[in-house]
Amino acid sequence: MYWLSFKKKKEQPVTGLILPGGGARNAYQAGVLKAIADMLPEDVDNPFPVICGTSSGALNAVLLASSATRFREGVDRLYGVWANFHVGKVFRTDAWTAIKSGFRWSLTFLSVGLVKRQPKSVLDNTPLRHLLESHIRFARIQQAIDAGNLDAVSITASGYTSGMSVTFFQGKDDLNSWKRTRRIGQPTELTLNHLMASSAIPVLFPAVKLRNEYFGDGSMRQTAPLSPALHLGANRLLIIGVRNPRPDKPPEDNRRIPFPTFGQITGYIFDTLFMDSLDADIERLRRINHTITETRDKRVKYHDTSLRQIDYLVISPSMDVREIVERYVGNFPRSIRFLLKGIGALAREGRPLMSYLMFDAPYCKELMELGYEDGLAARKQVLHLLGYEEHEEEQEAAS
């Protein structure tokens, strides 16, 4: 957990909530949000006027945004969704589907391009679409905006043809689109297809067509995950990551290291896809903040933008999520274990990949419990960021 604070600013605080992707690891975010809801006053309004999500984080973001008029209720609903997850609610797990998928991909590789109809993905995530349809009312997003409980919510997806990172956002009328190198922001009315596109993990889940382009997981091209919230008016950020910040230890010189399996390589790719851009952007923000503190007027002009200090708080797992998933590998349906065993994902080296795909209630509940504990551990920092120091003082006086 990182915390960096500056002097209070004269401008009205607008807190942006950043929910990056992470597959099943995003259950951790639900736990942190539950802790925040419990530490705030019972009658609190939505403390996050700007909510930005990517990949599985977009699912959390949109569910919260659609419940922005009833923040506590929205957090409870989010917690309930993750507490009742199982793999079959995300992708089909029956034996026949697994056999067909394995056969089609094997045939595609062996045919050397002769098969015209190639498979769209390894897994069929139709169940996820049905789950989201039953839990999210997209019309309520605009209702929350009109009621003043929400300024904006955004979902980021990656265009396969344009190569652009596109942030689709729905918000107040005075918000403008933006364009930067390889990334743009577009105002639109968010739909289920935007959500499915943002969470379409490459190869595993099928791409989704939006307008005249197919889109995949938003983490792929998202080089600046913090940027959408700032474009949408946030001047302070709460970032809930899903990776323990401690780096892995390099292997000892005399230790025999086996050649990496496909499952291990895929897990490494997922780690890079979901986490590295966020860490790099936080480091960039830290440098900019430091540079600004060294200037006389506390602002730096960059092209057409005036850079300013941004208060931020990062909450991330206090323990390695890969250690948690080891206890639940056996919970995968036999058909999916068959597929994953073939690529070496069930071995210890494949645990990173498993930690992203383990949409299983016991695993998700343990992640939420960890998130809840980490959220409570950051109580003072959270209340400071959200401007509820007085509530903390009242609580301490009452006790």
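**Reading a predicted model: F48, two helices and some salt bridges**

Modeller: Let's start with F48 in this predicted model. Leaving aside neighbours within four places in sequence, F48 is in contact with T15, L17, L33, I36, F71, L150, L238 and L386.

Colleague: What makes these residues count as contacts of F48?

Modeller: A contact needs heavy atoms within 4.5 Å, and the residues I listed meet that rule with F48.

Colleague: Where is F48 placed, and is F48 called buried or exposed?

Modeller: F48 sits in the loop between helix 1 (27-39) and strand 3 (50-54). Its relative accessible area is 0%, and buried means under 20%, so F48 is buried.

Colleague: How far apart are the C-alpha atoms of F48 and L238?

Modeller: They are separated by 8.8 Å, although F48 and L238 are 190 residues apart along the chain. L238 also stands opposite L313 in strand 13.

Colleague: Good, that takes us to strand 13. Why is strand 13 described as largely enclosed by the rest of the structure?

Modeller: Because 5 of the 5 residues of strand 13 (residues 311-315) are buried. D311, L313 and I315 point one way, while Y312 and V314 point the other way. This fits a general pattern: in a regular strand, side chains alternate between the two faces of the sheet.

Colleague: How do you know that strand 10 and strand 13 pair?

Modeller: Pairing takes at least two bridges. Strand 10 and strand 13 are joined by 5 bridges, so they pair, and they run parallel.

Colleague: Now the helices. Why are helix 1 and helix 3 called roughly parallel or roughly antiparallel?

Modeller: Helix 1 and helix 3 (residues 71-83) pack at an angle of about 150°, with their axes 9 Å apart. Angles over 145 degrees count as roughly antiparallel, and therefore these two helices do as well. Helix 1 passes helix 3 in a left-handed crossing.

Colleague: Which residues of helix 1 and helix 3 meet?

Modeller: Those from helix 1 include A27, L33 and K34. Among those from helix 3 are F71, V75 and D76. L33 and F71 were also among the contacts of F48. K34, D38 and D76 are joined into one network by salt bridges that share partners.

Colleague: How many salt bridges does the structure hold?

Modeller: There are 10. Side chains of opposite charge can pair when their charged atoms come close.

Colleague: What makes the pair D151 and K172 a salt bridge?

Modeller: The cut-off is 4 Å from nitrogen to oxygen. The side chains of D151 and K172 meet at 3.8 Å, so the pair qualifies. D151 lies in the loop between helix 6 (139-146) and strand 4 (152-159), and K172 in the loop between strand 5 (165-171) and strand 6 (178-180), 21 residues apart. D151 is buried at 17% relative accessible area, whereas K172 is partly exposed at 35%.

Colleague: And how do you know that R243 and D279 meet in a salt bridge?

Modeller: Their N to O distance is 2.4 Å, which is within 4 Å. R243 lies in the loop between strand 10 (236-240) and helix 9 (262-293) and D279 in helix 9, so this pair ties together parts 36 residues apart in sequence.

Colleague: Why is R287 called partly exposed?

Modeller: R287 has 48% relative accessibility. Exposed begins over 50% and buried is under 20%, so R287 falls in between. R287 forms a salt bridge with E283 at 3.5 Å, and both lie in helix 9, 4 residues apart, about one turn of the helix.

Conventions. Residues numbered from 1 in each chain as written. Predicted model: local features only at pLDDT ≥ 70, side-chain atom pairs only at ≥ 80, totals over all residues. Heavy atoms only, no water. Buried < 20%, exposed > 50% of the residue type's maximum accessible area, 1.4 Å probe, protein only. Axes fitted to C-alpha atoms, helices over the stretch in contact; angles between N-to-C directions. Parallel < 35°, antiparallel > 145°, perpendicular 65-115°, else oblique. Left-handed = near helix turned anticlockwise from the far one by under 90°.
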